[in-house]
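Here is a short report on one structure, written to be read beside the model. Keep the sequence and the 3D view open as you go.

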Amino acid sequence: MKTALITGVTGQDGSYLAEYLLSKGYMVHGIIRRSSSFNTKRIDHIYQDPHEEDRRFILHHGDSTDSTNLISIMKEVEPDEVYNLAAQSHVKVSFETPEYTAETVALGTLKILEAIRLLGLEKKTKFYQASTSELYGKVQEIPQTEKTPFYPRSPYAAAKLYAYWITINYREAYNIHASNGILFNHESPRRGETFVTRKITRAATRILVGKQKKVYLGNLSAKRDWGYAPDYIEAMWLILQQEEPDDYVIATGETHSVREFCEESFKNLGINIKWQGEGVQEKGIIDSLDKDRVEELLGDIETPLKIGDVVVEVDPSYFRPTEVDLLVGDPTKAKEKLNWQPKVKFKELVKIMIENDLSLALKENQRNEWIKE
Ligand code: NDP
Ligand code: GDR
């Protein structure tokens, strides 16, 4: 039985990866942070009680900033594969917490690589680094490939640049099977609610059922190559199954703006929005409502929405000091060498997220009705 260790197991990707590796028969260890409120919502369904026999999912308390803790976990587990997903992963927040972001993202990666080296696990343990399309930052070339020059535009991206290169350095210096997956944005119903896609799908569905009036967003013109997280998890695993370590772009090859993501989200709910005004004055306004579609989705519940309602507004406090305007990846190498291809593209992704969040919004609505009674 192969053993894997996942840092960041409570996050979007960590939770899907844990499920995926368990389904492949792995013994899976994950590192979680102690927190005063529960942070295990995404992995509760696969949790195994420590008293269960034949347990294959084991959690350890730890933190990327604590090297002795990481060394002792690595010593105990001696994993065949390490997936380093732990990070302060929010780009905007990294401008507010640049030092902590560098501690977790840059030095956290170094600490794991050092643990592999110090414990003499160079030949046994394969290492996956969660690298990112944020490395490309300011547009140098379209689409972005493994050869496109990097130009990081945030403390987060600069820290990931260190992590990218230290991974390659440990591969070359110590012969560790260490690889970078340069993953473009990937989303899902488990995406954190402050990332733009999930913020939009949560808001659009809550707006439809009358739980929220509008959503405030930042830069509507930013363009991203959005894929589906479970597809990208498979790529992580494939990268570590290769004979030789290497670095790969994982992307869909399509790009869409935040504005388009809004339009498509509302469209799924039978609402067409039009844009009025420019820059910080720009607003998303309901242009038409498909009554049959709304009824199909809501049944007896009535939506308070009407034509002319403003549902999207720009709030400059969400602007970033330096922005990444356009990302679109070229996944040709992954296709040729890993035989990997994304299955879910933009429209299907939005549909999956809207369906999930509509059911959450309806539950929220039911709960409130019940409290009123
Ligand atoms: P999330 O923000 O959902 O999850 C991050 C995980 O890291 C959580 O488990 C979090 O724990 C943990 N973590 C944060 N700080 C620490 C710390 N100091 N010590 C230990 N654990 C910590 O991110 P995603 O799942 O979306 O992304 C996974 C990785 O992939 C990240 O490294 C991210 O930067 C990178 N990435 C993500 C992309 C995406 O589009 N999703 C694209 C490219 C790269 P807790 O739950 O307690 O907060
Ligand atoms: P990103 O994702 O910065 O690409 O990083 P995010 O969803 O935060 O932003 C995408 C784009 O949308 C614009 N935007 C907003 N963003 C947020 N969060 N909130 C808003 O209200 C809003 N309005 C507009 C942003 O300016 C940006 O241009 C994600 C993270 O998962 C990283 O960890 C990962 O490395 C990259 O994706 C690839």
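Which residue of S14 does Ile273 stand opposite? The partner of Ile273 is Ile286. Bear in mind throughout that this is a predicted model.

**The mixed sheet**

Ile273 and Ile286 face each other where S13 meets S14 (residues 283–289). These two strands run antiparallel and are joined by six bridges. They belong to an open sheet of four strands, ordered S8-S15-S14-S13, in which the pairing is mixed. S8 (215–217) and S13 (271–276) form the edges. Each has a single partner strand, so one of its sides has no neighbour in the sheet. On average, neighbouring strands are turned by 25° against each other, direction ignored.

Helix H8 (residues 258–268) lies across S8, S13, S14 and S15 (310–314). H8 runs at about 150° to S13.

**The parallel strands**

Strand S2 (residues 27–32) is mostly covered, with five of its six residues buried. S2 pairs with S1 (residues 3–7) in the parallel sense, over five bridges. In this pairing, Ala4 is opposite Val28. From S1 the chain passes through helix H1 (residues 12–23) to reach S2, a β-α-β crossover that is right-handed.

S2 also runs parallel to S3 (residues 57–61), again with five bridges. Here Gly30 has Leu59 as its bridge partner.

**Two ligand shells**

The model holds ligand 1 and ligand 2. Their surroundings are set out below.

| Ligand | Residues around it | Nearest residues | Classes in the shell |
|---|---|---|---|
| Ligand 1 | 25 residues | Gly8, Gly11, Ala86, Ala87, Ala130 | five nonpolar, 17 polar, three charged residues |
| Ligand 2 | 22 residues | Ser89, Thr132, Val196, Gly218, Ala222 | nine nonpolar, seven polar, six charged residues |

Which element gives the largest share of the shell around ligand 1? That is H1, with three residues. H1 and strand S5 (126–132) each supply at least two residues of this shell. Around ligand 2, helix H3 (91–96) and helix H6 (196–208) each supply at least two.

**Leu326 and the cis bond**

Leu326 sits in the loop between S15 and helix H10 (332–338). Is Leu326 buried, partly exposed or exposed? It counts as partly exposed, because it has 18 C-beta neighbours inside 10 Å, whereas a buried residue needs 20 or more. Neighbours within four places in sequence aside, Leu326 is in contact with Val139, Ile142, Lys223 and Thr255. Asp66 is another matter: Leu326 and Asp66 are 260 residues apart in sequence and 35 Å apart in space, C-alpha to C-alpha.

One of those contacts, Ile142, is joined to Pro143 by a cis peptide bond. Its omega is about -10°. Pro143 is found in the loop between S5 and helix H5 (155–174).

**Two positive phi values**

Asp54 has a positive phi, near 55°, and is not a glycine. Asp54 lies in the loop between S2 and S3. Why does Asp54 count as exposed? Asp54 has 5 C-beta neighbours inside 10 Å, and the limit for exposed is 12 or fewer.

Glu78 also has a positive phi, about 40°, and is not a glycine. Glu78 is in the loop between helix H2 (67–77) and strand S4 (81–84). With 12 other C-beta atoms within 10 Å, Glu78 is exposed.

Definitions and conventions:
Residues are numbered from 1 along each chain as its sequence is written. Chains are lettered from A and ligands numbered from 1 in the order in which they are written. This is a predicted model: local features need pLDDT of at least 70, side-chain atom pairs count only at pLDDT 80 or more; totals for chains, interfaces and linings use all residues. Two strands pair if DSSP finds at least two bridges between them. A crossover is right-handed if, with the strands pointing away from the viewer, the path from the first strand over the helix to the second runs clockwise. Axes are lines fitted to C-alpha atoms, for helices over the stretch in contact, and angles run from 0 to 180 degrees between N-to-C directions. Two residues are in contact if their C-beta atoms, placed from the backbone, lie within 7 Å. A residue is near a molecule or strand if its C-beta atom, placed from the backbone, lies within 6 Å of it. Ala, Val, Leu, Ile, Met, Phe, Trp, Tyr, Cys and Pro count as nonpolar, Asp, Glu, Lys and Arg as charged, and the others, Gly among them, as polar.
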